[in-house]
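Trainee: I have just opened this one and would like a walk through it. Could we take it one piece at a time?

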Amino acid sequence: MDIILAPSILAADFANLGQQIKEAESAGAPWLHIDVMDGVFVPNISFAFPVIDSIRKITDMVFDVHLMIVEPEKYIDRFIDSGADFVTFHAEATNGIGGCIDMIKRRGCRAGVAISPNTPIDIILPYIDKADMVLCMTVEPGYGGQAYIKAVEEKISELRKITGSDFLIQIDGGVNNKNITEPVLAGANVIVAGSAVFQGSITDNIKELTAKCAQL
Ligand code: DX5
Ligand code: ZN
């Protein structure tokens, strides 16, 4: 199965961010997951434009920007200006899911729609044809290092049945070498990992996760 690994820089050492991104890239990770939190949609604040503008200059990795912010439509253009390749916003954070997808796609960027663990997939089904990716959160958004919620695998299987094999279904939160098999078999094909990549040897972690996915 073709699985895409997207290390989440939320778990990186920000004093050595550039160096750690280069290590992730050299180890073979194709995407970089970039978590933006506003302290309103989620009870935490991360980082935004200055960081993304800077790291865009040092790598050609696919920038997968995960917006955990209210009214994403206000900032979508600015994140695309910063160099996002994918912009993923939360279905729970806007009244205009279709409009946000259009804004992103009009700029030649790819659009993802995220749902939190307790949000049913019904909310995003009308937009599957327009969107490029659905992100099924496997933790409550807001923090890295939380425990993986296994119940989300049911939504992943259901979604995979509806979308067919090529569509991008991303999982994010608590994923590691020990629990990655089940969600991938359920249909996830884009795997975000923060702690499981940046704690310890980035190179070894990426190689192990990549090898594991290659066996599935
Ligand atoms: C949580 C973020 C995740 C987080 C994942 O709100 O969206 O991307 O960084 O980190 P781990 O893999 O440590 O759960
Ligand atoms: Zn994320």
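Mentor: Let us begin with Phe41, keeping in mind that this is a predicted model: leaving aside residues up to four places away in sequence, Phe41 touches Met68, Ile69, Val70, His90, Glu92, Ala93 and Pro141.

Trainee: Where is Phe41 found?

Mentor: Phe41 is found in the loop between β2 and α2. Phe41 and Leu67 are 26 residues apart in sequence, and their C-alpha atoms are 9.5 Å apart in space.

Trainee: Switching to the metal, which residues are the protein donors of the zinc ion (ligand 2)?

Mentor: The zinc ion (ligand 2) has as its protein donors His33 through NE2, Asp35 through OD, His66 through ND1 and Asp172 through OD, and these lie 2.0 to 2.3 Å from the ion. Along the sequence, the spacing of these donor residues reads H-x1-D-x30-H-x105-D.

Trainee: Why is the arrangement around the zinc ion (ligand 2) octahedral?

Mentor: The six donor atoms subtend angles of 69 to 170° around the zinc ion (ligand 2), and therefore the arrangement is octahedral. Asp35 lies in strand β2 (residues 31-37) while Asp172 lies in strand β7 (residues 168-172), so this pair ties together parts that are 137 residues apart in sequence.

Trainee: Are those two, Asp35 and Asp172, buried or exposed?

Mentor: Asp35 is buried, and Asp172 is buried as well.

Trainee: Now the aromatics: how many aromatic pairs are there?

Mentor: The count comes to four aromatic pairs. In one of them, Phe49 and Tyr75, the ring centres are 6.4 Å apart and the planes are at 35°, so the pair is tilted. Phe49 lies in helix α2 (residues 49-56), and Tyr75 lies in the loop between β3 (62-68) and α3 (76-81), so the pair ties together parts that are 26 residues apart in sequence. Phe49 also pairs with Phe79, and because their ring planes are at 45°, with centres 4.5 Å apart, that pair is tilted too. Since Phe79 lies in helix α3 and Phe49 in helix α2, this second pair ties together parts 30 residues apart in sequence.

Trainee: And what do Phe49, Tyr75 and Phe79 form?

Mentor: Phe49, Tyr75 and Phe79 form one aromatic cluster. Phe49 counts as buried at 17% relative accessibility, Phe79 is buried with a relative accessible area of 2%, and Tyr75, at 39% relative accessibility, counts as partly exposed.

Trainee: Let's do helices. Which residues of α8 are buried?

Mentor: The buried residues of α8 are Ile202, Asn205, Ile206, Leu209 and Cys213. Seen down the axis of α8, they fall within an arc of 95°, so they line one face of the helix. An α-helix has 3.6 residues a turn, so residues three or four places apart point the same way. On the other side of α8, Ala214 and Gln215 are exposed.

Trainee: What do the buried residues of α8 pack against?

Mentor: They pack against β1 (4-7), α1 (17-26), β8 (190-193) and α7 (195-198).

Trainee: Then which residues of α1 are buried?

Mentor: In α1 the buried residues are Leu17, Gln20, Ile21 and Ala24. These cover an arc of only 100° around the axis, which puts them on the same side of α1, whereas Gln19 and Ser26, on the other side, are exposed. The buried residues of α1 pack against β1, β2, α2, α7 and α8.

Trainee: What comes after α1?

Mentor: α1 is followed by Gly28, which has a positive phi, near 110°.

Notes:
Residues are numbered from 1 along each chain as its sequence is written. Chains are lettered from A and ligands numbered from 1 in the order in which they are written. This is a predicted model: local features need pLDDT of at least 70, side-chain atom pairs count only at pLDDT 80 or more; totals for chains, interfaces and linings use all residues. Side-chain values use heavy atoms; hydrogens and water are left out. Donors are N, O and S atoms within 2.8 Å of the metal (3.2 Å for Na, K and Ca); water is not among the atoms, so sites may look incomplete. Four donors count as tetrahedral if all angles lie between 85 and 135 degrees; four count as square planar and six as octahedral if opposite donors are over 155 degrees apart and all others between 65 and 115; anything else is irregular. Helices (H or I, at least four residues) and strands (E, at least two) are DSSP runs, numbered from the N terminus. Buried means under 20% relative accessible area, exposed over 50%, partly exposed in between (1.4 Å probe, protein chains only). The arc is that of the directions from the helix axis to the C-beta atoms. Contact means heavy atoms within 4.5 Å. Rings of Phe, Tyr and Trp (its six-membered ring) pair if their centres lie within 6.5 Å; planes under 30 degrees apart count as stacked, over 60 as edge-to-face and the rest as tilted.
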